[in-house]
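Q: I'm new to reading protein structures. Could you walk me through one, feature by feature?

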Amino acid sequence: MRELDVARVEETVYTLFRRACCEIGEDVLSLLERNLETEESPFGREVLRQLIENDRLAAEKQMPLCQDTGMAVIFMDIGQDVHFTGGDVNRAIEEGVRRAYRDGCFRASVLTPLTRINTKDNTPAVVHVRIVPGDRVTITAAPKGFGSENMSRLFMLTPSQGVEGVKDAIVEAVRLAGGNPCPPVVVGVGIGGTAERAMQMAKHSLTRTCGEPSPDPMLAGMERELLARINDLGIGPQGLGGRTTALAVHIEQMPTHIAGLPVAVNMQCHAARHKAATI
Amino acid sequence: MSSKAIHAPLREEEIRTLRAGDSVLLSGTIYTGRDAAHKRLCALVAAGEPLPFDLRNQVIYYAGPCPAKPGDAIGACGPTTSYRMDAYAPTLCDLGLIGMIGKGQRSEAVASAIRRNGGVYFAATGGAGALIASCVKAAEVIAFDDLGTEAIRRLTVEDLPLIVAIDAQGGNLYESGPAQYRR
């Protein structure tokens, strides 16, 4: 068993969010640059140019690249041999988020859904925990903006709809979203499990290095095919028309029930922010 | 892309020349307002009470900025998705609001209010929060301070890069643009 002070968890959460909101990954930046070379639409090229300039400026000035610094989504893989000491780990996570959003001058975007009263410090975070072997903790901070989150969809397909039905549902979700989720998007997909697990897989797939294919050859093939179909929709950067509607499609799957075929699509804007650390 | 320089508040004759697909650089005074502020503005209209600013010939920017760092006029300040303001926009257009800045497609009711009133809807680049902040020279909360980021702010902007998305003649780049590249 390894003891881990929750102060280290707080510090890690703090640092990851401070960086994630201001520094886009090289993965996204290089995909934006690659698509700028191939984009045919003049509006599309102009938008991609602005985004690349924006993302560089944000990192240089250490200011948020997008004003929607999101809800604070956290994936935490906790080794089963870890024993947290020094206090409540949940409070440490919240404190890390609270301080990061305050010190970073990030937007407080979180409120009570029905009264619409803002919590003023961007808490609570949305935390997904997995227990894994070992004595380490891996924390992934993935601030999620709601322009794209609002365009997410869950399809509870029937088994008869099969693989083609799955593909059509994913393309349809992107088509219906149009320019709203800030294309070029990353399309996160979860297939199987239950309704909530499908969506969780879709979200988790977005923490993969952007554009890296699934290790499963069948899923990798689907990702390539769907990316081509989505980019044939013509939506383009910001929905103004063009070839670059999506930068990547990421799919995860797990077994599901004999009666079901859940498909979750979690849309991610081009500000595909995620930073991870292992402690 | 070559861009036309325009100035807010907008003049009607200036608006008439704008067509969907035109690139413009907007300077002058605009107002931020998003979900919560729109709800309050329309509640004031329904109650017959005065609005915090005269809408005539003004431009509302759908945005909720990040807090400003010390020494900066404003924090990251890109557009939010516009369709959420579709329920309120026609009421405001009919009261003289001439321009809206946001991102994403609008409803037919909004496009029709734009045609009816000779208005315009501009697209700003969603997610370009840092870049757009560098075009904002001054910002001041003028109403609904309790709404935090959703308060109405008067912004002084310089050369804000925009694309005309919906014009008063029925042009709509969110329809014509993708149609051109669909395969």
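A: Sure. Let's begin with a term we'll need: two residues are in contact when they have heavy atoms within 4.5 Å. Keep in mind too that this is a predicted model.

Q: Okay, so which residues is B:Leu160 in contact with, leaving aside its neighbours within four places in sequence?

A: The list is B:Val24, B:Leu25, B:Leu26, B:Ile30, B:Ile101, B:Ile132 and B:Cys135.

Q: How do I read a nonpolar core, and which residues touch the most other members in the largest one?

A: The general idea is that in soluble globular proteins, nonpolar side chains tend to be buried together. Here the largest nonpolar core has 86 residues, and the ones touching the most other members are B:Leu10, B:Leu26, B:Ile30, B:Met100, B:Ile101, B:Phe122 and B:Leu160. Strand β7 of chain B, residues 152–166, gives the most to this core: nine residues.

Q: What about the place where the chains meet? How much area is buried between chain B and chain A?

A: The size of an interface is often given as the accessible area lost when the parts come together. In this model, about 3400 Å² is buried between chain B and chain A, with carbon and sulfur atoms giving 59% of that. On the chain B side, B:Leu131, B:Tyr181 and B:Arg183 lose the most area to chain A, together 20% of what that side buries. As for residues, 41 from chain B and 42 from chain A take part in the contact.

Q: Now for empty space. What volume does the second largest pocket have, and which residues lie nearest its centre?

A: Rolling a probe the size of a water molecule over the atoms shows where empty space is left. The second largest pocket has a volume of about 380 Å³. Of its 21 lining residues, A:Leu31, A:Arg34, A:Leu227, A:Leu247 and A:Ala248 lie nearest the centre. The largest share of that lining, six residues, comes from α8(A). Sorted by class, the lining has nine nonpolar, five polar and seven charged residues.

Q: And how many cavities of 30 Å³ or more are there?

A: The count is two. About 80 Å³ of space lies in the largest cavity, and among the residues lining it are A:Phe75, A:Lys144 and A:His274. Strand β5 of chain A, residues 137–144, provides the largest share of that lining, with three residues.

Q: Last one: why does A:Arg197 count as partly exposed?

A: Buried means under 20% relative accessible area and exposed means over 50%, with partly exposed in between. A:Arg197 has 39% relative accessibility, so it counts as partly exposed. You'll find A:Arg197 in helix α7 of chain A, residues 195–205.

Key. Residues are numbered from 1 along each chain as its sequence is written. Chains are lettered from A and ligands numbered from 1 in the order in which they are written. This is a predicted model: local features need pLDDT of at least 70, side-chain atom pairs count only at pLDDT 80 or more; totals for chains, interfaces and linings use all residues. Side-chain values use heavy atoms; hydrogens and water are left out. A nonpolar core is a set of buried Ala, Val, Leu, Ile, Met, Phe, Trp, Tyr and Cys residues joined through side-chain atoms within 4.5 Å. Buried means under 20% relative accessible area, exposed over 50%, partly exposed in between (1.4 Å probe, protein chains only). Helices (H or I, at least four residues) and strands (E, at least two) are DSSP runs, numbered from the N terminus. On a 1 Å grid over the protein atoms alone, a cavity is a set of points where a 1.4 Å probe fits but cannot get out, and a pocket is an open set with protein on both sides within 12 Å along at least five of seven lines; lining residues have an atom within 4 Å of a point. Grid points are joined across faces, edges and corners, and a volume is the space filled by probe spheres set on the points. Ala, Val, Leu, Ile, Met, Phe, Trp, Tyr, Cys and Pro count as nonpolar, Asp, Glu, Lys and Arg as charged, and the others, Gly among them, as polar. Buried area is the accessible area (1.4 Å probe) that two parts lose on being put together, summed over both.
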